[in-house]
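Visitor: I would like to learn how the features of a structural model are read. May we go through one together?

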Amino acid sequence: GAPAWRVRAFKLALPALGALIAALAINFGKAVSEMFIATFSGDNQLDQALTWAFVAAFAFCLVSQIRFIDMSLRVNDALLHVPLFYVIWNVMAMVGGGVVFGEFDRFGPASYAAFFCGVLVLFLGVYFISYHASSGRGEREKGHQEAAAAAGGAKAETEAEA
């Protein structure tokens, strides 16, 4: 088989790629919505090839992100996939929107500091929540297994009595 590092890299790449594509979907969706707003305001964008290219890219990203999420959840535990996807998706969407739509152009030093503090809070919050969720997981699984075994035993006793 493949070396362990390659398998781990593949497993981590799936939620990361899904998140990157989801971030692209957000930016394509915003671009498409801006084009439709311009069209409804009297500046027809529907006769432009770029509009339809963005609509196609948006649709492709929507389908592709679901595919990568599905692939990731088939090989990864949700406690790995969800936090990793969430953090990468949020950071990529924020940075992508900031660059593509010029939202960073109005930033001064204080705004950049606040932005990076917000990103740090996002990382730490997801880390602590996912760490807390995974730390008690073994005990919960053991409890679920014991409950299932007890329920199975009770079911067998009920069937024997009948």
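Visitor: Is D70 buried, partly exposed or exposed?

Guide: The model is a predicted one. The classes rest on relative accessible area, where buried means under 20% and exposed means over 50%. D70 has 28% relative accessibility, so D70 counts as partly exposed.

Visitor: With which residues does D70 form salt bridges?

Guide: Side chains of opposite charge can pair when their charged atoms come close. Here R67, D70 and R74 are linked in a network of salt bridges. Between R67 and D70 the closest N and O atoms are 3.7 Å apart, and between R74 and D70 they are 2.9 Å apart.

Visitor: Where do the members of this network lie?

Guide: R67 and D70 both belong to helix α2, which covers residues 49–75, and three residues, about one turn of the helix, separate them. R74 is also in helix α2, four residues from D70, again about one turn. As to accessibility, R67 is partly exposed at 48%, whereas R74 is exposed at 65%.

Visitor: How many salt bridges are there in total?

Guide: The count comes to three salt bridges. Besides the two pairs in the network, E103 forms a salt bridge with K30, with the closest N and O atoms 2.9 Å apart. This pair links distant parts of the chain, since E103 is in the loop between α3 and α4 and K30 is in helix α1, 73 residues apart. Both partners are partly exposed: E103 has a relative accessibility of 30%, and K30 has 29%.

Visitor: Which secondary structure elements make up the chain as a whole?

Guide: The protein chain has five helices and zero strands. Read from the N terminus, the order of elements is α-α-α-α-α.

Visitor: What share of the contacts joins residues that are 24 or more positions apart?

Guide: Among contacts with a separation of 6 or more, residues 24 or more positions apart account for 71%.

Visitor: What fraction of the residues is buried, and what is the accessible surface of the chain?

Guide: Of the 162 residues in the protein chain, 24% are buried. The accessible surface comes to about 10800 Å², and carbon and sulfur atoms hold 69% of this area.

Visitor: Which residues form the largest nonpolar core?

Guide: In soluble globular proteins, nonpolar side chains tend to be buried together. In this chain the largest nonpolar core consists of seven residues, namely V87, V91, F104, F115, V119, L122 and V126. The elements that contribute two or more residues to this core are α3 and α4. Helix α4 gives the most, with four residues.

Visitor: Which residues does F104 touch, leaving aside those up to four places away in sequence?

Guide: With that exclusion, F104 touches M94, V95, G98, V99, Y112 and F115. One of these, F115, is also a member of the core.

Visitor: Which nonpolar residues form a patch on the surface?

Guide: A nonpolar patch is a group of accessible nonpolar side chains that lie within 5 Å of one another in a linked set. Here the patch is formed by L120, L124, Y127, F128 and Y131, which together have about 550 Å² of accessible area. L124 is placed in helix α4, residues 109–135, and is partly exposed with a relative accessible area of 39%.

Visitor: Is H81 buried or exposed, and which side chain makes a polar contact with it?

Guide: H81, in helix α3 (residues 78–100), has a relative accessible area of 4% and is therefore buried. The side chains of H81 and S72 are joined by a polar contact of 2.7 Å. Not counting residues up to four places away in sequence, H81 touches P15, I69, S72, L73 and N76. The C-alpha atoms of H81 and G18 are separated by 10.0 Å, although the two residues are 63 apart along the chain.

Visitor: Which backbone atom lies 2.9 Å from a polar atom of the side chain of T39?

Guide: That atom is the backbone nitrogen of Q45. T39 is located in helix α1, residues 4–40, and counts as buried at 15% relative accessibility. Beyond four places in sequence, T39 touches N44, Q45 and L46.

Key
Residues numbered from 1 in each chain as written. Predicted model: local features only at pLDDT ≥ 70, side-chain atom pairs only at ≥ 80, totals over all residues. Heavy atoms only, no water. Patch = residues over 30% accessible without salt bridge, like charges linked within 9 Å, V, L, I, M, F, W, Y side chains within 5 Å. Areas by Shrake-Rupley, 256 points an atom, 1.4 Å probe, with all protein chains shown as cover. Salt bridge = Lys/Arg side-chain N within 4 Å of Asp/Glu carboxyl O. Buried < 20%, exposed > 50% of the residue type's maximum accessible area, 1.4 Å probe, protein only. Contact = heavy atoms within 4.5 Å. Polar contact = N/O pair within 3.5 Å; in protein donor to acceptor, adjacent residues only side chain to side chain. Core = buried A, V, L, I, M, F, W, Y, C linked by side-chain atoms within 4.5 Å.
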